Amino acid sequence: MAEAKSGLDITTIREDFPILKREIHGRPLVYLDNAATSQTPQQVIDVIVDYYSRYNANIHRGVHTLSQEATVAYENARQTLQRHFNARKAYEIIFTSGTTHSINLVANGFTGFLKKGDELLVSAMEHHSNIVPWQMLCEKTGATLKVIPMNTRGELVMETFHDLLNENTRLVFCNHVSNALGTINPIEEIIEAAHAAGAAVLIDGAQSAPHMKVDLQALDVDFYTVSAHKVCGPTGIGMLYGKEEWLNRMPPYQGGGEMIAEVTFEKTTYADLPNKFEAGTPNICGGIAFGAAIDYLNEIGFEVIEAYENDLMAYATEQLLSIEGLKIYGTAENKTSVISFNVEGIHPYDIGTLLDKMGIAVRTGQHCAQPIMDYYQIPGTVRASFSFYNTKEEINVLVEGVKRAVQMLQ
Ligand code: C6P
């Protein structure tokens with residue numbers, strides 16, 4: 001296998017991922033569904049095995065050694081996330097079950113802050129996780145949800161965004177990178193303009209965190225969400241970053257153990273951050289493995305990852321476009337790691353099913369982003385999404401696979 005130009009030792013990297021040695025239907029696995037979930041390196045698997053083999057215990061509760069070891073490892077992971085994302089304080093990192101949980105936590109927290117006449121701005125290219133919780137919030141509060149439109153390339157129409165912002169805008173939410181189109185949104189401009197209008201901003205970082213280094217203090221964003229399973233960590237764990245002022249203002253999302261200062265039947269007071277938002281026994285092993293996954297990515301280096309993935313996507317775009325009748329959805333100037341496409345006259349599901357028979361894993365359908373599909377008036381797309389452990393050889397297999405599928409289906 002070729003050594004990558006960008007300085008990434010792809011042969012060694014692939015050795016880290018045991019699953020990449022699998023065969024599917026007798027063919028080597030070509031895993032191109034990284035936007036749905038990334039694969040897990042041995043280094044992170046080892047951390048999970050080590051936790052359950054040596055120090056599995058509940059945290060923040062026991063005076064015994066195992067509990068203390070688990071607590072230290074869990075809080076160290078929080079500090080790893082703080083350093084990596086450059087949060088001001090470790091307690092601004094709240095462990096959640098993932099991006100969906102993080103957004104629901106904020107939407108719930110804002111219930112008491114909104115009234116009829118208030119406006120929320122959502123981008124037209126959101127995952128359902130960044131639409132539905134806000135619709136539920138609007139139903140509860142009487143606030144109105146307004147949509148920042150996009151153009152046919154899959155870029156936000158920023159002029160309209162600026163026009164929509166006004167003194168009634170309370171919150172703006174937008175993904176950093178679209179899971180269905182790969183567009184990298186101009187979040188710096190969005191955050192600055194929203195703040196100037198007096199609105200807070202939540203950025204859904206589910207699809208950006210795997211591909212780029214994010215500096216939360218430089219962005220000055222109010223909330224940022226990440227799912228560990230998209231950054232080589234396990235499922236069921238993620239984070240919500242929130243500025244200390246907001247996290248202090250918002251009420252807890254769930255009540256229970258660990259999130260309290262004092263409980264009597266007359267009145268309960270809440271714990272300080274971050275415990276206020278972490279009721280019950282958390283996903284301890286998941287949190288520790290999330291930290292290990294971030295360490296793993298940093299050892300490779302995000303500059304190297306970005307350069308390699310950009311090269312891979314440019315190559316895949318060029319090769320796929322050589323197929324007659326193939327159309328790519330999402331052609332933004334600024335995009336990363338996702339190619340959504342259809343071939344004229346063929347349902348995406350049929351292509352995806354045939355690709356699976358050839359060992360190629362892609363996602364087909366609406367990608368939990370129905371408004372995008374409605375905009376293009378299509379039932380869905382085939383989505384190939386890349387990671388730093390993919391290769392140009394795998395792209396060639398994909399392209400040949402699509403060609404064969406098209407021949408069989410036409
Ligand atoms: N997108 C995809 O195949 P959870 O499920 O909570 O970890 O993440 C939800 C989510 C939120 N925002 C964006 C931009 C996302 O891409 C996702 C998850 C996966 O595109 C699974 S639907």
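This briefing walks through the ligand site and two sheets of the structure above. Please keep in mind that the model is predicted. The ligand is surrounded by 16 residues, and both domain 1 (10-31 + 301-409) and domain 2 (46-298) supply at least three residues to that shell. As for the sheets, one has four strands with antiparallel pairing, and another has seven strands with mixed pairing.

**Around the ligand**

- Which residues of the shell come nearest to the ligand? They are T100, D204, Q207, S227 and R363.
- Sorted by class, the shell holds eight polar residues, four charged ones and four nonpolar ones.
- The side chain of D204 places an N or O atom 2.5 Å from a nitrogen atom of the ligand.
- K230 also has a polar side-chain atom by a ligand nitrogen atom, here at 3.0 Å.
- With R383, the partner is an oxygen atom of the ligand, which lies 2.8 Å from an N or O atom of the side chain.
- How much of the ligand's exposed area does the protein bury? Taken alone, the ligand exposes 510 Å², and the protein buries 87% of that.

**The four-stranded sheet**

- A general reminder helps with both sheets: strands pair through backbone hydrogen bonds, in either a parallel or an antiparallel way.
- This sheet is open, and its strands follow the order β13-β14-β17-β16.
- Its edges are β13 (326-329) and β16 (363-365), each of which pairs on one side only.
- Neighbouring strands are turned by 30 degrees against each other on average, with direction ignored.
- Within the sheet, β14 (residues 338-343) and β17 (residues 381-385) run antiparallel and are joined by four bridges.
- If you would like a landmark for this pairing, look for V338, which stands opposite S385 in β17.
- R363 and R383 link this sheet to the ligand site: R363 is among the nearest residues of the shell and falls within β16 (363-365), while R383 makes its ligand contact through its side chain and falls within β17 (residues 381-385).

**The seven-stranded sheet**

- This open sheet runs in the order β4-β10-β9-β8-β7-β5-β6.
- Why do β4 (93-96) and β6 (144-148) each have one side without a neighbour in the sheet? Both stand at the edges and have a single partner strand, so that side of each is left free of a neighbour in the sheet.
- From one strand to the next, the twist averages 20 degrees.
- Five bridges connect β7 (residues 169-175) with β8 (residues 200-204), and these two strands run parallel.
- C174 stands opposite I203 in β8.
- D204 ties this sheet to the ligand, as β8 covers residues 200-204 and the D204 side chain lies 2.5 Å from a ligand nitrogen atom.

How values were computed. Residues are numbered from 1 along each chain as its sequence is written. This is a predicted model: local features need pLDDT of at least 70, side-chain atom pairs count only at pLDDT 80 or more; totals for chains, interfaces and linings use all residues. Side-chain values use heavy atoms; hydrogens and water are left out. A residue is near a molecule or strand if one of its heavy atoms lies within 4 Å of it. A polar contact is a pair of N or O atoms within 3.5 Å; within protein, one must be able to donate a hydrogen and the other to accept it, and residues adjacent in sequence count only if both atoms are side-chain atoms. Accessible areas come from the Shrake-Rupley method with a 1.4 Å probe; for residues, only the protein chains shown count as cover. Ala, Val, Leu, Ile, Met, Phe, Trp, Tyr, Cys and Pro count as nonpolar, Asp, Glu, Lys and Arg as charged, and the others, Gly among them, as polar. Domain bounds come from an automatic or database domain assignment. Two strands pair if DSSP finds at least two bridges between them. Axes are lines fitted to C-alpha atoms, for helices over the stretch in contact, and angles run from 0 to 180 degrees between N-to-C directions.
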